[in-house]
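This report describes side-chain contacts and surface exposure in a single structure. The sequence and the coordinates are shown below.

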Amino acid sequence: MAGDAVQSEIAAAVEQATGADSALIKPLNTLATQLTGFDAFYQGLLQYTNGVDSAARAASQVADGTARLQAGAAQVSGGAASLQQGSRSLTDGAAQLAGGSSELAEGTGELRGRTSDMDSQLNDKIDELIDGFTGADYEICSFVSEKNTQVDAVQFVMTTPAIEEAEARRAPAQEAQTLSLWQRLLALFQ
């Protein structure tokens, strides 16, 4: 009805009727008024359907947004559960740290107790080792003859294992042989 072709036909019909009877003009004017009202109704109906279409698209967007909101809420819930588990782990770790700190304090106290007289223990051990090397419990005897009275000092003393006299080896007795001149000459080159 709002198209140009329909409007031009209506205008042509109205013009034709104007030349005709005035009894026809009045119903045509009424028809034209009704057609104008129908056009307004049609335009309103178009706007209504466009509005319903826009509302349907908006409702679809709301549904998509709601789905994303629900997925985000699930992620937040999962993150909260992870945070709770991490908090428990942190609490357990703090308890272990406190226990370890207590053990460290006890160990440090024990170390301090055992090393408080470390200097004297170390000196005693050093003296013991030196005595073992120097022979502090060894009774020193003089190697200087009692006849030598002019000794002022000994520069060094060296202790060695005792020297024992070895049994004298006896050479096997060789029988005296009488060699000829030729045998003696050969013996010289052997």
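The structure, which is a predicted model, holds one aromatic pair. Its members are F38 and F41, whose rings are tilted at 35 degrees between the planes and lie 6.4 Å apart, centre to centre. The angle is classed as tilted because planes under 30 degrees apart count as stacked and those over 60 as edge-to-face. Both residues belong to helix α2, where three residues, or about one turn of the helix, separate them. F38 is partly exposed, with a relative accessible area of 41%, whereas F41 is exposed at 53%. The two fall on either side of the cut-off because exposed means over 50% relative accessible area.

F38 and F41 are also members of a nonpolar surface patch, together with Y42, L45, L46, Y48 and V52. The accessible area of this patch is about 690 Å² in total. Y48, one of its members, is likewise placed in helix α2 and is exposed, with a relative accessibility of 57%.

Helix α2 spans residues 22-115 and also contains L35. L35 is partly exposed, its relative accessible area being 23%; it is not classed as buried because that term requires a value under 20%. Between L35 and Q7 there are 10.0 Å from C-alpha to C-alpha, although the two are 28 residues apart in sequence.

Charged side chains form three salt bridges, listed here with the N to O distance of each.

| Salt bridge | N to O distance | Citation |
|---|---|---|
| R57 and D53 | 3.0 Å | closest N and O atoms |
| E110 and R114 | 3.3 Å | N to O |
| E128 and K125 | 3.7 Å | N to O |

The partners R57 and D53 both lie in helix α2 with a spacing of four residues, about one turn of the helix. R57 is partly exposed at 49% relative accessibility, and D53 is partly exposed at 40%.

E110 and R114 are also four residues apart in helix α2, so about one helical turn separates them. Their exposure classes are as follows: E110 is partly exposed, with 45% relative accessibility, while R114 is exposed, with a relative accessible area of 60%.

The bridge between E128 and K125 belongs to helix α3, which covers residues 118-134. Here the spacing is three residues, again about one turn of the helix. K125 is partly exposed, at 44% relative accessibility.

Methods: Residues numbered from 1 in each chain as written. Predicted model: local features only at pLDDT ≥ 70, side-chain atom pairs only at ≥ 80, totals over all residues. Heavy atoms only, no water. Helix = DSSP H or I, 4+ residues; strand = E, 2+ residues; numbered from the N terminus. Buried < 20%, exposed > 50% of the residue type's maximum accessible area, 1.4 Å probe, protein only. Patch = residues over 30% accessible without salt bridge, like charges linked within 9 Å, V, L, I, M, F, W, Y side chains within 5 Å. Areas by Shrake-Rupley, 256 points an atom, 1.4 Å probe, with all protein chains shown as cover. Salt bridge = Lys/Arg side-chain N within 4 Å of Asp/Glu carboxyl O. Phe/Tyr/Trp six-rings, centres within 6.5 Å; stacked < 30°, edge-to-face > 60°.
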